[in-house]
Amino acid sequence: MSDLYCVFGHPISHSRSPALHAAFAAQTDQALHYEARDPDEAFESAWHAFVEEGGLGANVTVPFKERAYRLADRLTERASRAGAVNTLMVNAQGQALGDTTDGVGLLRDLVRLQARLEGGRILVLGAGGAVRGVLEPLLETAPATVMVANRTASKASALAEAFKDLGPVEGGHFDDATGHFDVIINGTSASLGNELPALPNVTLDETTLAYDMMYAARPTVFMTWAEALGARTSDGLGMLVEQAAASFELWRGAVPETEPVRRAVRQALTATLLD
Ligand code: NDP
């Protein structure tokens with residue numbers, strides 16, 4: 001029988017995670033079954049039922065990452081600081097260990113894209129769960145500065161306070177972000193509603209990488225804006241694939257090759273435009 005894994009989210013029907021993990025399993029010759037589960041409101045009881053069934057690990061996505069953090073019996077240091085869990089695994093004693101791979105996923109994709117991180121000025125938009133998970137690995141790259149800008153400025157300031165022992169980080173409103181940035185990461189959910197955070201005092205050019213954590217078949221409104229100003233752009237598909245691969249490594253101890261999988265998912269996504 002195959003080992004059982006799943007992703008919990010609500011909604012979850014459009015999740016790419018089952019396809020990603022099926023591809024990693026085929027590539028590394030692992031017998032596992034990975035499915036998408038929508039527990040509606042009842043995340044905790046769905047997790048316990050999953051463990052009863054013999055489930056070995058799960059990914060957790062919107063809106064359950066903070067509940068997974070509270071549910072976990074033990075946390076890795078990075079999940080503890082992020083206050084969010086996207087990867088759960090069951091240990092030999094039946095306890096749930098919580099980790100977050102969102103940050104390492106983003107970082108691996110930024111490295112692939114040759115973003116200027118070390119010594120760079122990095123602007124992070126948003127102060128929600130996704131941003132909490134990525135600040136630690138970003139600050140570990142020794143940037144010149146990380147500015148966290150959010151619609152609700154107090155949340156960005158609180159995040160900057162929580163991470164300031166790791167490196168130069170400040171928080172504020174979108175208006176407080178000024179000057180040229182080497183990397184701008186959109187970690188708001190504004191693109192979902194086709195909206196764009198207004199950045200009146202920010203300049204970007206062809207040396208800037210503008211990265212939207214959201215991914216879609218077409219460039220997001222944030223990418224279109226940045227491209228018009230000459231910046232290089234990317235959506236968050238690579239982050240999605242890399243965070244999935246990092247979870248897979250934790251569960252299985254096998255390292256999948258992400259490049260062919262990212263290409264295949266991109267192709268499938270683009271094909272939806274022809275449907
Ligand atoms: P949260 O709901 O936790 O946070 C949402 C953030 O977006 C808040 O900072 C909120 O500001 C801001 N926001 C929402 N609407 C607007 C708007 N219209 N204008 C400006 N700011 C806005 O979401 P997450 O952090 O979990 O997710 C954020 C994005 O990242 C999503 O698009 C998600 O799909 C993506 N993501 C991608 C991943 C990947 O692997 N590619 C992984 C994880 C997330 P405020 O505080 O003022 O409400």
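Is T100 buried or exposed? I looked this up first in the predicted model. T100 is buried, because 31 other C-beta atoms lie within 10 Å of its own and 20 or more are enough for that label.

**Around T100.** I then placed T100 in the fold. T100 sits in the loop that runs between β6 (96-99) and α5. I listed its contacts, leaving out residues up to four places away in sequence. T100 touches R78, A79, A82, A84, V85, N86, T87 and G133. I also checked L88, which is 12 residues from T100 along the chain. Their C-alpha atoms are 8.6 Å apart.

**Domains.** I noted two domains: domain 1 covers 3-100 and domain 2 covers 103-236. Over C-alpha atoms, their centres are separated by 27 Å. I looked up the contacts between them and found eight residues of domain 1 meeting five of domain 2. On the domain 1 side, α3 (65-71) and α4 (77-82) each give two or more residues. α4 gives the most, with three. I sorted that side of domain 1 by class: four residues are charged, two are polar and two are nonpolar.

**Ligand.** Which residues come nearest to the ligand? I found G128, A130, R151, T188 and G236, out of 28 around the ligand. Three elements give two or more residues to this shell: α5 (102-112), α6 (129-139) and α9 (237-252). By class, I recorded 12 nonpolar, 12 polar and four charged residues in the shell.

Key:
Residues numbered from 1 in each chain as written. Predicted model: local features only at pLDDT ≥ 70, side-chain atom pairs only at ≥ 80, totals over all residues. Domains from an automatic or database assignment. Contact = placed C-beta atoms within 7 Å. Helix = DSSP H or I, 4+ residues; strand = E, 2+ residues; numbered from the N terminus. Nonpolar A, V, L, I, M, F, W, Y, C, P; charged D, E, K, R; others polar. Near = placed C-beta within 6 Å. Buried ≥ 20, exposed ≤ 12 C-beta atoms within 10 Å, placed from the backbone.
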